[in-house]
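Grab a pencil and have a go at these exercises. Try each one on the model before you read its solution.

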Amino acid sequence: MNVASAPGEPFALHITGDAGPDYSIQTSTNLFDWTTVFTTNSPPLPFSWVDPDPGGNLLFYRILLGPAE
């Protein structure tokens, strides 16, 4: 999935997938160090998540499946 947003604008993800696992959204500025910014337990799918203030820097997002850490 490739998604982009304009600087200073909210960033939105629309997540579809398998029902059952936990979903964690993580962010990184360098693709090596990741920070969990949101976790949900077995959400009804599909669901949307919005980062209202992603900041002005380049930010990468990833979604992890499985039990929350």
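The exercises below deal with a core and then with strand pairing, and the model is a predicted one.

**Exercise 1.** Work out which residues make up the largest nonpolar core, and which strands supply them.

*Solution.* Start with the members: the core has eight residues, namely Phe11, Leu13, Ile15, Tyr23, Ile25, Phe47, Trp49 and Tyr61. Next, look at where they sit: S1 (11–15), S2 (23–28) and S4 (47–51) each give at least two of them. Finally, S1 brings the largest share, three residues.

**Exercise 2.** Sort the residues of S1 into a covered and an uncovered face.

*Solution.* First, recall that side chains in a regular strand alternate between the two faces of the sheet. Now apply that here: Phe11, Leu13 and Ile15 lie on the covered face of S1, while Ala12 and His14 lie on the uncovered one. Phe11, Leu13 and Ile15 are also on the list of core residues.

**Exercise 3.** Find how S1 and S4 pair, and which residue of S4 is the bridge partner of Phe11.

*Solution.* The two strands, S1 and S4, are antiparallel and share five bridges. Follow Phe11 across to S4 and you land on Asp51.

**Exercise 4.** Give the strand order of the open three-stranded sheet, and explain why S3 and S5 each have a side without a neighbour.

*Solution.* The order reads S3-S2-S5, with antiparallel pairing. S3 (35–40) and S5 (60–65) are at the edges with a single partner strand each, so one side of each has no neighbour in the sheet. On average, neighbouring strands are turned by 25° against each other, direction ignored. To check one pairing, take S2 and S3: they run antiparallel and are joined by five bridges. Thr27, for its part, sits opposite Thr35 of S3.

Note on methods:
Residues are numbered from 1 along each chain as its sequence is written. This is a predicted model: local features need pLDDT of at least 70, side-chain atom pairs count only at pLDDT 80 or more; totals for chains, interfaces and linings use all residues. Side-chain values use heavy atoms; hydrogens and water are left out. A nonpolar core is a set of buried Ala, Val, Leu, Ile, Met, Phe, Trp, Tyr and Cys residues joined through side-chain atoms within 4.5 Å. Buried means under 20% relative accessible area, exposed over 50%, partly exposed in between (1.4 Å probe, protein chains only). Helices (H or I, at least four residues) and strands (E, at least two) are DSSP runs, numbered from the N terminus. Two strands pair if DSSP finds at least two bridges between them. Axes are lines fitted to C-alpha atoms, for helices over the stretch in contact, and angles run from 0 to 180 degrees between N-to-C directions.
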